[in-house]
Amino acid sequence: MPVWKEGNSSVGACARSPPAASNRTGHGRKRLGGKQEVGAHSSGAALSDLRSSRARLLELFTDLSCNPEMMKNAADSYFSLLQGFINSLDESTQESKLRYIQNFKWTDTLQGQVPSITEDEAKEVHRSLKIAAGIFKHLKESHIPKLITPAEKGRDLESRLIEAYVIQCQAEAQEVTIARAIELKHAPGLIAALAYETANFYQKADHTLSSLEPAYSTKWRKYLHLKMCFYTAYAYCYHGETLLASDKCGEAIRSLQEAEKLYAKAEALCKEYGETKGPGPTVKPSGHLFFRKLGNLVKNTLEKCQRENGFIYFQKIPTEAPQLELKANYGLVEPIPFEFPPTSVQWTPETLAAFDLTKRPKDDSTKPKPEEEVKPVKEPDIKPQKDTGCYIS
């Protein structure tokens, strides 16, 4: 998925096409019946700027030199101009008179390699995923309910998909937290709790998609399921270390055995996921060092516990795996609240008055014709420069 993962929740995937700019002659005024159309310049300029700001934003999605500040500035520029089509200029709660003057069309995710990272890049990814979660949440709560035509089942703007995107962004941001906690050798108890919370996020996202048609949700759900198994295995592995440190070697062995079983299940799900047909790109989690490291860690820690139990503790190994009731006190991810930037200063009463509200589209033209298919934004396949084990997959 993107720096998105499976599900391809790229903002560009549903970026809207702005209205086409008016034809202009001379200094932005066109003649109709020998008379100059007053205000045509301002409306045409607003539309032209809207189009160019959107084009600039889409360019940045595939620009490897783009940084978060560049992306935010480009997004603010586009959203500030788009505001004139959404809200009234008098800052009241009224909608803009132009809100329904133009039909929009976009591609859908379901029906329609990533680099190792430095510490600074990890922080940027972590924050960007929280911002993305906030954007999806803002759309779900504030704007999607205002659509004249409710989103069809399985479409990007449908509530189940938007909610899954919010949860998955939170889970992916927490993956960065876990990788950092492991690198800094934080307490095994904290790492186990973070991994358990992350597994719960993936389970919740999978449950959110469970009522969608399998034809276009199976692949995404396979991905979510393997991530759930993988991070539950991480939780049991580090929980085993915590139990061993408390001289509960028998319980530690059983916890590590459960981690071993779940890791094997995650490996099998990786293979199934790779063979599953469906929308979106296919990533390869099992090929990442962060994934492979867990297998060795589980094996080595389990062998250590078994040796110590045979020489020191002589404790009975429980038949049932310990119940994970772990709660992380630090590192939990919440969406960063999102607000649109202020409406562009180019929106004035004169600009608004220049639009012809009698030319609103007919209802039967809301669905694009087959030949008008919207192409999704392609993301670059970035090759890692070095293998540090910290990945956004």
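Start with the whole surface switched on: the protein exposes about 21500 Å², and carbon and sulfur atoms supply 52% of that area. Keep in mind as you go that this is a predicted model. Of the 393 residues in the protein, 44% are buried.

Now switch to a cartoon view. The secondary structure comes to nine helices and two strands. Follow the chain along the sequence and you will trace the pattern β-β-α-α-α-α-α-α-α-α-α.

**Aromatic stop**

Next, colour the aromatic side chains. The model has 19 aromatic pairs. For a good example, select Phe230 and Phe291, whose rings are stacked, at 4.7 Å centre to centre and with 10° between the planes. Zoom out a little to see what this pair joins: Phe230 sits in helix 6 (residues 214-245) and Phe291 in helix 8 (residues 289-313), so the contact links distant parts of the chain, 61 residues apart. Turn the surface back on and look for the two rings: are they buried or exposed? Both Phe230 and Phe291 are buried.

Widen the selection around them by adding Tyr202, Tyr231, Tyr234, Tyr238, Tyr263 and Phe290. Together with Phe230 and Phe291, these residues form one aromatic cluster.

**Two loop residues with positive phi**

Before the next two selections, a reminder: most residues other than glycine have a negative phi. From helix 6, move on to the loop between that helix and helix 7 (249-275), where you will find Asp247. Its phi is near 65°, a positive value in a residue other than glycine. Asp247 is partly exposed, with a relative accessible area of 45%.

The second case is Phe314, in the loop between helix 8 and helix 9 (349-353). Phe314 is not a glycine either, yet its phi is positive, at about 55°. With a relative accessible area of 60%, Phe314 counts as exposed because the cut-off for that class is over 50%.

**Cysteines to finish**

Finally, show the cysteine sulfur atoms. How many disulfides does a search of the whole structure find? The result is zero. Select Cys249 and Cys305 to look at one case: the sulfur of Cys305 is the nearest cysteine sulfur to Cys249, at 5.0 Å, and Cys249 is in no disulfide. That fits the cut-off, because a disulfide needs the two sulfur atoms within 2.5 Å. Cys249 is buried, at 0% relative accessibility. For a last click, select Cys169, which also counts as buried, at 1% relative accessibility.

Definitions and conventions. Residues are numbered from 1 along each chain as its sequence is written. This is a predicted model: local features need pLDDT of at least 70, side-chain atom pairs count only at pLDDT 80 or more; totals for chains, interfaces and linings use all residues. Side-chain values use heavy atoms; hydrogens and water are left out. Rings of Phe, Tyr and Trp (its six-membered ring) pair if their centres lie within 6.5 Å; planes under 30 degrees apart count as stacked, over 60 as edge-to-face and the rest as tilted. Helices (H or I, at least four residues) and strands (E, at least two) are DSSP runs, numbered from the N terminus. Buried means under 20% relative accessible area, exposed over 50%, partly exposed in between (1.4 Å probe, protein chains only). Accessible areas come from the Shrake-Rupley method with a 1.4 Å probe; for residues, only the protein chains shown count as cover.
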